[in-house]
Amino acid sequence: MDALLRARPVFDWILREHANSITNNEVAALMEDESFFSICRSVRSIWKPIKECINLLEANEATLSDCFIHLIKLANAIHRLPITNVFKSFSINIFNYRFEEFLHPLYILAYYLHPYYRGKGLKDEAFHKAALAAIEMWQSLGHTRKESEELIAQLRRFELKLAPFDLPYISGLESPNVLWKLIKIQPRHLPELACQIFSINPTQANCERNFSTLNWILGDRRTNLTLKKLEAIAKIRSYYMNNIQKELSYMSNDLTESELRESTNIASVNSIISLEEDDDTVNIDGYNNLNHTSPSENFSNTELAISNIVDLTAVDDTNGEMSSDITPVQEQPLDPADLDYDPNDVLNGFIGCERDTERNLTDSGKS
């Protein structure tokens, strides 16, 4: 599409100076058809965020919030298309069909906890779903009702950008996970939850790379390798690929054979993770208590499904003090009964308190 649009001046010159050289009447008609180039521009405006999204989500640092952010950018690109554009209704149909795959509340929560966007454009219903997902996830991780209430209190401070959640964030130079690890607060409920969420990789790109590496190691002649030995070889390769400058200090140097052997022998792999160590990962499907949002009924081909939870007109697709002395919290014995509570009751309690506060302020203003 870009090539066609860039070549438009050349086409005009050919039609003006060498019109007889075009023997195909259909091609000549397209070169003169302004609606054809208008459709090309519309398609390009949609393909650009799709291309950016694919490239970003294949990265090792991709997060759930990245998925949701690029969904909003794509929805904005479709939303800006003129109503008269026949491509718009087709794009909306495809978008709404695919959007059903991203209705898991953790996507909304990850977008809300992103330190740059902070849920920008989310409607009240979406915030309610994000807060409820946070409580349910926190409960599934073995935390009590009191700890869930403290989590929501910290979530409200984060929304208002109160200390210590007021750290500046530079998009493109930092990652959300790094910033959340820098936040010093006790108890560390919200930072711990955010780090758990931003550690979830939403794509299978890394798995596909690992399988490609394993296939390369096995080849056609190493079919007798055991699973344990194959895993060890893959970990050694991964370690050296990520630490090649430090471990292989002889790289790019002119060394003799004896010096090369000595450098290889002193290279260390002591920090490779042992085979018996369990992986500390988060499974997005492990939280069975989460209420999956059902898709809205029968969206028309003129209404984007995401507009039900995000105000697209409010989203730009371009890119009290706390003491600094933190006192460690003494852990109390955990009573299993404390884990048996309804997340909706916790959230509704906070919402009720907010409404009572607003009502009291209104009454005092009238008096």
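Student: Which side chain meets that of Lys129 in a salt bridge?

Tutor: Happy to start there. This is a predicted model, where local features need pLDDT of at least 70, side-chain atom pairs count only at pLDDT 80 or more, and totals for chains, interfaces and linings use all residues. Residues are numbered from 1 along each chain as its sequence is written, and side-chain values use heavy atoms, with hydrogens and water left out. A salt bridge here is a side-chain nitrogen of Lys or Arg within 4 Å of a carboxyl oxygen of Asp or Glu, and at 3.4 Å, N to O, the partner of Lys129 is Glu125.

Student: How many residues apart are Lys129 and Glu125 in helix 8?

Tutor: Helices are DSSP runs of H or I with at least four residues, numbered from the N terminus. Helix 8 covers residues 124-140, and about one helical turn separates Lys129 and Glu125 because they are apart by four residues.

Student: Is Lys129 buried or exposed?

Tutor: Buried means under 20% relative accessible area, exposed over 50%, and partly exposed in between (1.4 Å probe, protein chains only). Glu125 has 42% relative accessibility, so Glu125 counts as partly exposed. Lys129 has a relative accessible area of 18%, so Lys129 is buried.

Student: Which residue forms a salt bridge with Lys146?

Tutor: Look in helix 9, where Lys146 and its partner are four residues apart, about one helical turn. Lys146 is exposed at 55% relative accessible area, while the partner is partly exposed at 24%. The closest N and O atoms are 2.6 Å apart, and the partner is Glu150.

Student: Which residue pairs with Glu149 in a salt bridge?

Tutor: Helix 9 spans residues 145-159, and the two partners sit four residues apart in it. Glu149 is partly exposed at 30% relative accessibility, and its partner is partly exposed too, at 33%. Their side chains meet at 3.4 Å, N to O, and the partner is Arg145.

Student: How many residues lining the second largest cavity are charged?

Tutor: On a 1 Å grid over the protein atoms alone, a cavity is a set of points where a 1.4 Å probe fits but cannot get out, and lining residues have an atom within 4 Å of a point. The lining includes Phe158, Trp180, Arg118 and Asp166. Ala, Val, Leu, Ile, Met, Phe, Trp, Tyr, Cys and Pro count as nonpolar, Asp, Glu, Lys and Arg as charged, and the others, Gly among them, as polar. The lining divides into eight nonpolar residues, no polar ones, and a charged count of two.

Key. Helices (H or I, at least four residues) and strands (E, at least two) are DSSP runs, numbered from the N terminus. On a 1 Å grid over the protein atoms alone, a cavity is a set of points where a 1.4 Å probe fits but cannot get out, and a pocket is an open set with protein on both sides within 12 Å along at least five of seven lines; lining residues have an atom within 4 Å of a point.
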